[in-house]
Amino acid sequence: MASNCSLPFVYISGEEVRRLVGMAELIEEMARGLRWVSERDEGGVVQPVRTVVRVDKYCGNLGLMPAYSSKSDSLGAKLVTFYPHQIEGVPSHQAIVIVLDPRTGTLQAIVDGVEITNMRTAAASACAARALLQQAPRVLCIVGSGVQARSHAEALRIHHSFSEVRIWGRSAASAQRCADEVRAKVSLSLPDALRDADVVVAVTLATEPLIRGEWLKTGAVVISVGACHSDWRELDDDVMLNSLVTVDSCDAAMKESGDIIQSGAEIFAEIGEVISGAKPLPSLSDCGKKFLMFKSLGMAIEDVLSGTLIYHRFMERQTSRQPT
Ligand SMILES: NC(=O)c1ccc[n+]([C@@H]2O[C@H](COP(=O)([O-])OP(=O)(O)OC[C@H]3O[C@@H](n4cnc5c(N)ncnc54)[C@H](O)[C@@H]3O)[C@@H](O)[C@H]2O)c1
Ligand SMILES: O=C(O)[C@@H]1CCCCN1
């Protein structure tokens, strides 16, 4: 059992997470989770809205995210810290995911949560893009150049072949590094980056509206991943009020999404309801909207399903390596 064979549980590092699970299969795992969440009791997911402990002295936050899925028999939790005022060399988001045996409550694994968070968030966004896009997209614009920008560039290309991927970042140097890594083009101006984009991914730590409706193409699909505090914004009212809004969880959105709460935008559906077909998408002209949006806040079940899948893979590999 790796280097910690004397422990009754295993530790799975970020590198191992990457080796054990691929983005394509995680997209399908997230699609199941999003659907189950929106099926309410029938879906068998138990997860309270995240508890956030504010660490005001250091402008930090600690999120506690437990969940259980009866359909996949997965139990666990993520502990995640997010410190928006980044210190050079320290990741703004750090996390661990614990996997528990649902039959006994016994700890089975501690899994690096940074890699899970990066991958599962982008995988959930890719599910949403697949469900919301009405036709094949051409241009992807990623606003932000941190770790989520990178994982979203990977995940969104799995089901769509974009002819152009643009990155905009506050710092041109960091945007260039990100663009080089993900084979994209840097845009130095945000309106230029957004012009005619079919899919816009917002992955910043902005706390004030950054993206304006006037810069977006009618019909654009906007995936908003940042602004996860009731008083933080990433999008202006024009974007919000002209969007057909879907969310990962209505309960979380009404508690945590500054863009939804402060703009007063109505939620059309949870993305799980769109994925399952329970809420078919109306045409934009029928509903008088210009854009389609997925507001992602991140749910514990995404971490617990990912952590459990990774744990099972890890154990299978250990077993197959045992001498017979
Ligand atoms: N919805 C989810 O499930 C989920 C999961 C993880 C992270 N997030 C959120 O996604 C966002 C990106 O996370 P990350 O892990 O990539 O962080 P990161 O620290 O790696 O990158 C953050 C990026 O935002 C930029 N930025 C910071 N302040 C800005 C501002 N005022 N205007 C424009 N850009 C600004 C930084 O330059 C950097 O490019 C964060 O808001 C984070 O909380 C959401
Ligand atoms: O779901 C998550 O993992 C993140 C944690 C930080 C805030 C936004 N959501």
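**Two ligand sites and a surface patch**

Me: Which residue has a polar backbone atom 3.5 Å from a nitrogen atom of ligand 1?
Reply: Polar contacts here are pairs of N or O atoms within 3.5 Å. By that rule, a ligand 1 nitrogen atom pairs with a backbone atom of leucine 297.

Me: What pLDDT do local features need in this model?
Reply: Residues are numbered from 1 along each chain as its sequence is written, chains are lettered from A and ligands numbered from 1 in the order written, and side-chain values use heavy atoms, without hydrogens and water. The model is predicted: totals for chains, interfaces and linings use all residues, side-chain atom pairs count only at pLDDT 80 or more, and local features need pLDDT of at least 70.

Me: How much of ligand 1 does the protein bury?
Reply: An oxygen atom of ligand 1 is 2.7 Å from a polar backbone atom of threonine 204. Alone, ligand 1 exposes 860 Å² (accessible area, Shrake-Rupley, 1.4 Å probe; for residues, only the protein chains shown count as cover). The protein buries 89%.

Me: Which element gives the largest share of the shell around ligand 1?
Reply: The shell has 22 residues (a heavy atom within 4 Å). They divide into eight nonpolar, 12 polar and two charged. Three come from one element (helices, H or I, have at least four residues and strands, E, at least two, as DSSP runs). That element is H3.

Me: Which residue has a polar side-chain atom 2.5 Å from an oxygen atom of ligand 2?
Reply: Arginine 50 has a side-chain N or O atom 2.9 Å from an oxygen atom of ligand 2. At 2.5 Å, the residue is lysine 78.

Me: How much of the accessible area of ligand 2 does the protein cover?
Reply: A backbone N or O atom of leucine 297 lies 3.0 Å from a nitrogen atom of ligand 2. On its own, ligand 2 has 270 Å² of accessible area. The protein covers 92%.

Me: Which elements give two or more residues to the shell around ligand 2?
Reply: By class, this shell has five nonpolar, three polar and three charged residues. Its largest share, three residues, comes from E5. The elements asked for are strand E5 (74-82) and H3.

Me: Why does leucine 64 count as buried, partly exposed or exposed?
Reply: Leucine 64 lies in strand E4 (residues 60-69). Buried means under 20% relative accessible area and exposed over 50%, with partly exposed in between. Leucine 64 counts as partly exposed because its relative accessibility is 30%.

Technical notes: A polar contact is a pair of N or O atoms within 3.5 Å; within protein, one must be able to donate a hydrogen and the other to accept it, and residues adjacent in sequence count only if both atoms are side-chain atoms. Ala, Val, Leu, Ile, Met, Phe, Trp, Tyr, Cys and Pro count as nonpolar, Asp, Glu, Lys and Arg as charged, and the others, Gly among them, as polar. Buried means under 20% relative accessible area, exposed over 50%, partly exposed in between (1.4 Å probe, protein chains only).
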